[in-house]
Amino acid sequence: MTATAVLMMLPRRARTPVAILADGAVPSSLRLDVFGGRDVFVRMRRGPGAHGLSEPYREVSRDDYPAGSEPALVVISDRYVQARFACSASVFGATDVVVFVPLDGDGEAPAHVAIPIPSLDRPSWHEFELVSRTRMECRYRVVRERDGVPTGGSRALSAL
């Protein structure tokens with residue numbers, strides 16, 4: 001799976017930042033339907049996404065969100081798996097980030113994940129591989145051990 005964008009948010013009731021890896025266009029809004037919650041977030045920036053630049057989202061109440069509007073992206077356990085990544089501070093800007101990764105066509109967690117690194121002239125990615133999967137989450141590590149901690153990425157922004 002090659003991510004095209006990292007969607008960052010900090011739910012009001014959580015201390016841990018949440019990131020969603022997108023494999024398509026950057027959505028204007030999304031709904032986080034995890035563990036029975038139905039939190040709605042809207043994108044803070046306008047315009048198209050930039051390669052590797054984290055997209056900050058802020059939580060809005062259901063009353064502030066137009067009733068006729070449906071979120072452009074719905075994150076549910078049938079389509080996403082919860083994951084933890086090694087070296088997450090270098091990639092997402094925090095040491096303990098919950099990341100939702102899209103499942104593949106067979107409903108499985110992807111064996112390899114590429115996360116974009118910000119670049120204007122030469123797009124590149126941090127490469128990770130699946131190490132373990134439990135009923136609750138997946139764990140990913142840097143593909144090549146000799147590479148050590150990923151470098152070159154920006155610190156991710158969290159919507160407060």
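This is a short talk on the strands, salt bridges and a few chosen residues of one protein chain.

Before anything else, please keep in mind that what we have on the screen is a predicted model, and that the values I quote are computed from that model.

Let me begin with the overall layout. The protein chain holds 1 helix and 11 strands, and if you read along the sequence the elements come in the pattern β-β-β-β-β-β-β-α-β-β-β-β, with the helix sitting between strands β7 and β8 in that pattern. Of the 160 residues in the protein chain, 47% count as buried. When we take the contacts with a separation of 6 or more, residues 24 or more positions apart account for 54% of them.

Now to the sheet itself. It is an open sheet of 11 strands with mixed pairing, and the order across it is β6-β3-β4-β5-β1-β2-β8-β7-β11-β10-β9. At its edges we find β6, residues 73–75, and β9, residues 112–117, each of which pairs on one side only. Neighbouring strands of this sheet are turned by 35° against each other on average, with direction ignored.

To look at one pairing in detail, take strand β7, residues 80–85, and strand β8, residues 98–102, which run antiparallel and are joined by 4 bridges. If you want a place to put your finger on the structure, go to A83, whose bridge partner in β8 is V99.

I turn next to the charged side chains. How many salt bridges does the count come to? The count comes to 7 salt bridges, and I will go through three of them.

The pair R43 and E55 forms a salt bridge in which the closest N and O atoms are 3.0 Å apart. This pair links distant parts of the chain, with R43 in strand β4, residues 39–43, and E55 in strand β5, residues 55–60, the two being 12 residues apart. Are these two residues buried or exposed? R43 has a relative accessible area of 15%, and it counts as buried because that value is under 20%. E55 is buried as well, with a relative accessibility of 0%.

The next pair is R141 and E129, where the salt bridge brings the closest N and O atoms to 2.7 Å from one another. Here too distant parts of the chain are linked, since R141 belongs to strand β11, residues 138–142, and E129 to strand β10, residues 124–133, again 12 residues apart. In this pair R141 is partly exposed at 37% relative accessibility, whereas E129 is buried, with a relative accessible area of 17%.

The last of the three joins the side chains of R139 and E137, with 2.9 Å from N to O. R139 is partly exposed, its relative accessible area being 44%, while E137 is buried at 13%. These two residues do not stand alone, for R84, D96, E137 and R139 are linked in a network of salt bridges.

While we are on acidic residues, let me show you E59, which is found in strand β5. With a relative accessibility of 12%, E59 counts as buried. Which residues does E59 touch, leaving out those up to four places away in sequence? They are L10, P11, R12, R13, D39, V40 and F41.

From there we can move to D104, which lies in the loop between β8 and β9 and which is partly exposed, with a relative accessible area of 34%. The side chain of D104 reaches the backbone nitrogen of D106 at 3.0 Å. Going further along the chain, D104 and Y80 are 24 residues apart in sequence, and their C-alpha atoms are 9.0 Å apart in space.

Finally, a word on cysteines, as somebody usually asks. A search of the whole structure finds 0 disulfides. Two cysteines that you can look up in the model are C87, which is partly exposed at 27% relative accessibility, and C138, which is buried at 0%.

To gather this up, we have a predicted model with an open sheet of 11 strands in mixed pairing, a count of 7 salt bridges, and 0 disulfides. I am happy to go back to any of these residues on the screen.

Notes:
Residues numbered from 1 in each chain as written. Predicted model: local features only at pLDDT ≥ 70, side-chain atom pairs only at ≥ 80, totals over all residues. Heavy atoms only, no water. Salt bridge = Lys/Arg side-chain N within 4 Å of Asp/Glu carboxyl O. Buried < 20%, exposed > 50% of the residue type's maximum accessible area, 1.4 Å probe, protein only. Pairing = 2+ DSSP bridges. Axes fitted to C-alpha atoms, helices over the stretch in contact; angles between N-to-C directions. Polar contact = N/O pair within 3.5 Å; in protein donor to acceptor, adjacent residues only side chain to side chain. Disulfide = S-S within 2.5 Å. Contact = heavy atoms within 4.5 Å.
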